[in-house]
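Here are some short exercises to work through with the model open beside you. Try each task before reading its solution.

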Amino acid sequence: MTNYQICNHCIMDTTDPEITFDEQGVCNHCRTFGMIAAQHWFPGPEGNTKLKAIVDRIKKDCADNEYDCIIGLSGGVDSSYLAYQASQLGLRMLAVHVDGGWNSELAVKNIEIICEKLGIDLYTHVVNWEEMKDLQVAFLKSGVANQDVPQDHAFFAALYNYAVKNNIRYVLSGSNLATEGILPLSWGYDAMDLRHLESIHNMFGRIELKTFPKVNFFKRYIYYPYIRRMEVVKPLNYIPYDKDQAIKVLEKELGWRYYGAKHYESRFTKFFQAYYLPQRFGYDKRKAHFSSLIVSGQMTRVEALKEMEKQLYPPEQLREDKEFVIRKLGLSEVEFESLLQAPLKSFLDYDSDYRLRLVLSRIKQRLKGIL
Ligand SMILES: [Zn+2]
C-alpha cells in the first residue's frame, strides 16, 4: 500500500489507485487535462468563432430537415444549460429524455419547463423497469465500482437509436471540460461498453434484456460515425461555461431549479455516488468534481478542501434514500446488505472491449503520426 498523497494543484489523491505524481507533486490528471484542454477547450473569444462556424455548418446541412440536432435531457445543469445555449444559437432541437426509473421529481419538472419555455419537441423513452431492475441488481452482485453503467448505457443508446430513427446526424452533448475534465478510469469505467454490460448480466442476471436500449462496438465505432456520418458536438467546450453562473441563468430565465449536487437528478446516482462508492471503494466523486473545477479555474484548491469537510450524506437523507433504493429494486434489507458485501471487483475482472479499444486508439495515434 502506497502512502497517502494529495496533488499539489488539484485535490485528487491516492484513493485513485492509478494516480501518479511528478517531481512537483502534481498529478497525472492535472497534466492530462492541460494537454486535452489545449486541443478541445476554447472558453475565450476564439471559442465563439469556432462555435459559430460549427452551428452554421449544422444549419446549412440540415436546412431541409425538421430538426438540426438531437439533445439528451436529464434535467441536470449541463444538459439544461446546453439546451438553453443551443436555443440561443437558433438550433432546432429534438429532445430525448430517457426515464430509467430513478428520476427525481425535480428533474422531470426541469425537463418539462425547458422544453415548454424554449419550444423544444420532447420524446420520452421509458426503459422497461423489470429489465432495468434485473440489470442493476446484476451490477450490484458483480461488485464493480461503476454502478451507473445500466442507467448511462440506456441513456446513450436510446438517444442514438432515436436519432437514427429520425435521420438526425448531429448529437449535442453536454459533456464538457469546464466541469468534468477529471475522472479516474477506475472510478467510472465506460458505460457504453456493451460487452462489459452483457458479460456482467450473463453472469448475474435472471431475465433476458429484450427491449433494453443497447449500443454495441460496431454501432459506436463504425455505424454511427462512418455509415450514418453522425457527429457529436460539445458546445459547452466553446463557451466560458461556469456552473454557478449557468444555474443562475437557468433559474432566472426558465424557472429551472437546482437539486443539490452533480448528477443528483437521479436518486440512484445520488445513493451510488454518496454512499456506495465512498463506503465500498473509498472513491469520493466530489474530489474529481471539485478538481475539475480547480483545473478549469472555477474554484480554488482551498475552497475545494473546505467543501470536502462538509458531510457527504446527512444520516436522515441516507436512511430515506437507502430505503427507497431497496424498495425500488424489490429487495429485502438483508438481501441488499448482502449485495453490499459482494467482493470488490475491477471492471477488468469481467469481459470488456477495454483492451480492443486501447489497441484501436494506439493504431489511430500511429496513423495520425504518419498522415
Ligand atoms: Zn492534480
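**Exercise 1: a bridge partner**

In the predicted model, L172 has V233 of β5 as its bridge partner.

Task: Find out in which sense β4 and β5 pair, and over how many bridges.

Solution: Start with β4, which covers residues 170-172. Follow its pairing with β5: the two strands run in the parallel sense, and three bridges join them.

**Exercise 2: the whole sheet**

Task: Work out the strand order of the open sheet and name its edge strands.

Solution: Step across the sheet and you read β3-β2-β1-β4-β5, five strands with parallel pairing. Now look at the two ends of that order: β3 (121-126) and β5 (231-233) each pair on one side only, so they are the edge strands by the pairing criterion of at least two bridges. From one strand to the next, the twist averages 30°. Finally, add the helix α6 (residues 149-165), which packs on the sheet and touches β1 (69-72), β2 (93-99), β3 and β4. The direction of α6 makes about 145° with that of β2.

**Exercise 3: two crossing helices**

Task: Describe how α5 and α8 are arranged, and which residues meet.

Solution: First take the axes: those of α5 (residues 129-142) and α8 (residues 194-204) come within 9 Å and cross at roughly 90°. Therefore α5 is roughly perpendicular to α8, the range for that term being 65 to 115 degrees. Next, list the contacts: α5 brings L135, A138, F139, K141 and S142, while α8 brings I200, H201 and F204. Sorted by type, the residues of this contact are five nonpolar, two polar and one charged.

Key. Residues numbered from 1 in each chain as written. Predicted model: local features only at pLDDT ≥ 70, side-chain atom pairs only at ≥ 80, totals over all residues. Helix = DSSP H or I, 4+ residues; strand = E, 2+ residues; numbered from the N terminus. Axes fitted to C-alpha atoms, helices over the stretch in contact; angles between N-to-C directions. Contact = placed C-beta atoms within 7 Å. Parallel < 35°, antiparallel > 145°, perpendicular 65-115°, else oblique. Nonpolar A, V, L, I, M, F, W, Y, C, P; charged D, E, K, R; others polar.
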